[in-house]
Number of protein chains: 4
Amino acid sequence: MATTTTAARTVASGGAHARDLDKRARILDGAVKVFAKRGFFHARVSDVAKASGVADGTIYLYFKSKDEILISIFEDRMEWILAELKKRMAKLPTARGKLEEFVDFHIMLATSYPDVCDVITIELRQSNKFMKEYANTRFLEYQNLIGDVLREGKDDGTFRSDIDPAVVKRAIFGALHELVSQWVLMKLPANRLLRAASQLKSFVLAGVVGGEK
Amino acid sequence: MATTTTAARTVASGGAHARDLDKRARILDGAVKVFAKRGFFHARVSDVAKASGVADGTIYLYFKSKDEILISIFEDRMEWILAELKKRMAKLPTARGKLEEFVDFHIMLATSYPDVCDVITIELRQSNKFMKEYANTRFLEYQNLIGDVLREGKDDGTFRSDIDPAVVKRAIFGALHELVSQWVLMKLPANRLLRAASQLKSFVLAGVVGGEK
Amino acid sequence: MATTTTAARTVASGGAHARDLDKRARILDGAVKVFAKRGFFHARVSDVAKASGVADGTIYLYFKSKDEILISIFEDRMEWILAELKKRMAKLPTARGKLEEFVDFHIMLATSYPDVCDVITIELRQSNKFMKEYANTRFLEYQNLIGDVLREGKDDGTFRSDIDPAVVKRAIFGALHELVSQWVLMKLPANRLLRAASQLKSFVLAGVVGGEK
Amino acid sequence: MATTTTAARTVASGGAHARDLDKRARILDGAVKVFAKRGFFHARVSDVAKASGVADGTIYLYFKSKDEILISIFEDRMEWILAELKKRMAKLPTARGKLEEFVDFHIMLATSYPDVCDVITIELRQSNKFMKEYANTRFLEYQNLIGDVLREGKDDGTFRSDIDPAVVKRAIFGALHELVSQWVLMKLPANRLLRAASQLKSFVLAGVVGGEK
DNA sequence: TATGAATGAGTGTTCATTCAT
DNA sequence: GATGAATGAACACTCATTCAT
């Protein structure tokens, strides 16, 4: 993902500062590794520098503070994640298919980029600046992709009419998140997560489709 | 809960000096407030001391380190929570009733003791000692209460036979947790959480009961 | 002077925190030595700690910042200097005698406490906080002791009626200060300064007494 | 003064590349502004670069270190000041006239180039290299212009025979310096300094001429 | 037991200086 | 020469923990 993100950024910025972006991306990549391994607070900025192959001071040419590195990881990765997920979901015709795609994509992210996953879901909360000063709109936007599908499904009669998308989207996200978190934390093999994902889809679909009798 | 917990501990400790236990409990209560407010890392031990009405050094007569305070909060609170929840669920005859009770109890905890909730679900993860050296059996035990109900429901035919309790218990816990977390983080009014809880129960029951055809 | 100052403070504070004041005074004494030797900016806080026989962190129990140490030296020393000088000048009957006493006392300070002298006259200016946020009233108060004498001498006819105390007090202070500064900077023997002082008194008295024809 | 100085240097350097000298002079001019505003220690080399319109690295093509910029300001300005002052004093026939010219010229410098004045009199002392490794002969040379006049006046009977030029020259310089310093520090209007200068001349002349009766 | 003053290891950040372009 | 991105040494300050009282 790192490479893709960098490429995206390079293109987005019109290639003016190709070298800067490389280094910025390298630092973010290094930071993801270090933060995931040591935790945000226990990670030293000098560790990030070493992992990124730059000098300590160089970090501060690209980021104002340690906190900002963390926030930038989130921004940078979420930007890519949201774009990619929207693209994939748009291709699918049914609400049910979209919902399954969301779950599959989330699981894919977690297995492919466990460090990013850890940083975004665990470490990010340790930044005061992030939790307090920063409206974490990206998180909401992510969850809203489920909400949109739920509404779509309600409208076309696929899903029950009595579900509240605002609540259920979070329930689904939370279920996914918990499965992934435990998988990350316990460092289980990938197939365990894949089987869990299939169970989850079944559970979730039953939850939004089948009314209890 | 604090009072009850202290009482429980007093019993559990088999009659050690009552005053010691008061102080220990006071420190834990103070720590919960401070950790919830400032976050574990940004909280100073001296803040905990001040909030507890003891001297800085006194903390170390009851806890080996800052980390241990955090872990003790978890141990102490979870002990009470598990005992209480088991008692309540045991009283109910049906798996469905037990499942609903689990959700209601979790929500009740969150609304009654938001600080404890925050510390256990958010701050706890910031302790390396907890996440790495500590087998968080209590968390599993808590989730297993759902797992047991799910198995019970599968056995008596209430719930679908194809659900995997090991996965679904985590999905349900995750859904609950996410709803509560956002409620805590965004400091929403209590009734918002209560309505969400009712939606969640409907969603979860549909998920474990109704099979999609 | 350090001892006297400490004694004064102890008394002033009513002896409540005798130990604190000892340590505070020790730190100020250490800081005077270190600042005079290395210069304020080149002096490390840890140098001050070492010179004071305390740990680095202890410094911050008594002073908010490195800047505040510098300012406290000034406050602390000037308080004593002003009190002592006022007392001495009050004892003398004539304006001429008082003026001579001012010069003698200033020279005595410089020769007895060259480090304090250096810190107050040279290093103090390196503190942004001092120069900008701090109304250095003590300096003015010190110079005003000359101004008062000049007015007294004008009133009783000892000094010329056309001198402007507001200007001449600074001229006299500046002359004294320059002689002392060079003496400090060049580390000349004490007798050189004493001879200069006698010349200075003669020059100054001629300046304020004798009108040119 | 900046322009004149550059011209002087161009001549002095015997026709080196004019462009180099422009840049060197530009850097010194920028440094004077920045040092006067922020203080030597708080001023960043990059600030000087920005104020001079050159790149950070360019500074080091003309000066070995930040310290050397400061010293060069002094050298450069003093060279011009001394030459100019000598020329002016030489034109005057009497010791008294020369002494008055010295005061007037010093005051003129301070009012015309307050930044230079601040740097030379205040900031210069913050450079260890200057104060310790550098024999500040220029300062002495400057003061010696007063010393020479005093001797001249003693010889022709204008001034008292018992004055010691080595002491009195410093007293006069110190008096001048103090008046100017306070004027700079307090950012007073120019006319205040001019009035003070007239008082000072009267005081100084009385000091060197009139014997006390 | 309780205290809280003292400790000193630990680290984010700055900025003078260098050097590849 | 000129640039400015990169370097990395340096340091003020914090705070968990200790221990004399």
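These legends walk through close-up views of a predicted model. Local features need pLDDT of at least 70 and side-chain atom pairs count only at pLDDT 80 or more, while totals for chains, interfaces and linings use all residues; side-chain values use heavy atoms, with hydrogens and water left out. Residues are numbered from 1 along each chain as its sequence is written, with chains lettered from A and ligands numbered from 1 in the order in which they are written.

**View 1. The surface near DNA strand E.** Here 31 residues sit around the strand, and A:Y60, B:T58, C:T58, C:Y62 and D:V45 come nearest (near: a heavy atom within 4 Å of the strand). By class, they split into 14 nonpolar, eight polar and nine charged (nonpolar is Ala, Val, Leu, Ile, Met, Phe, Trp, Tyr, Cys and Pro; charged is Asp, Glu, Lys and Arg; polar is the others, Gly among them). Of the strand E atoms within 4 Å of the protein, 70% are sugar or phosphate, and bases make up the rest.

**View 2. Side chains at the strand E phosphates.** A polar side-chain atom of C:T58 is 2.3 Å from a phosphate oxygen of DNA strand E. For C:Y62, the distance from such an atom to a phosphate oxygen of this strand is 2.5 Å. D:Y60 also has a side-chain N or O atom 2.7 Å from a strand E phosphate oxygen.

**View 3. The surface near DNA strand F.** Now look at the 29 residues around strand F, where A:K23, A:T58, A:Y62, B:V45 and D:T58 come nearest. Sugar or phosphate accounts for 71% of the strand F atoms within 4 Å of the protein. Phosphate oxygens of strand F lie 2.9 Å from a side-chain N or O atom of C:Y60, 2.9 Å from one of D:K23 and 2.6 Å from a polar side-chain atom of D:T58.

**View 4. Inside the largest nonpolar core.** This core has 136 residues, and C:F35, C:L99 and D:F203 are among those with the most contacts inside it. A nonpolar core is a set of buried Ala, Val, Leu, Ile, Met, Phe, Trp, Tyr and Cys residues joined through side-chain atoms within 4.5 Å, and buried means under 20% relative accessible area (1.4 Å probe, protein chains only). Zoom in on C:V208: beyond its neighbours within four places in sequence, its contacts (heavy atoms within 4.5 Å) include C:L150, C:F159, C:I172 and D:F203.

Definitions and conventions:
Buried < 20%, exposed > 50% of the residue type's maximum accessible area, 1.4 Å probe, protein only. Polar contact = N/O pair within 3.5 Å; in protein donor to acceptor, adjacent residues only side chain to side chain.
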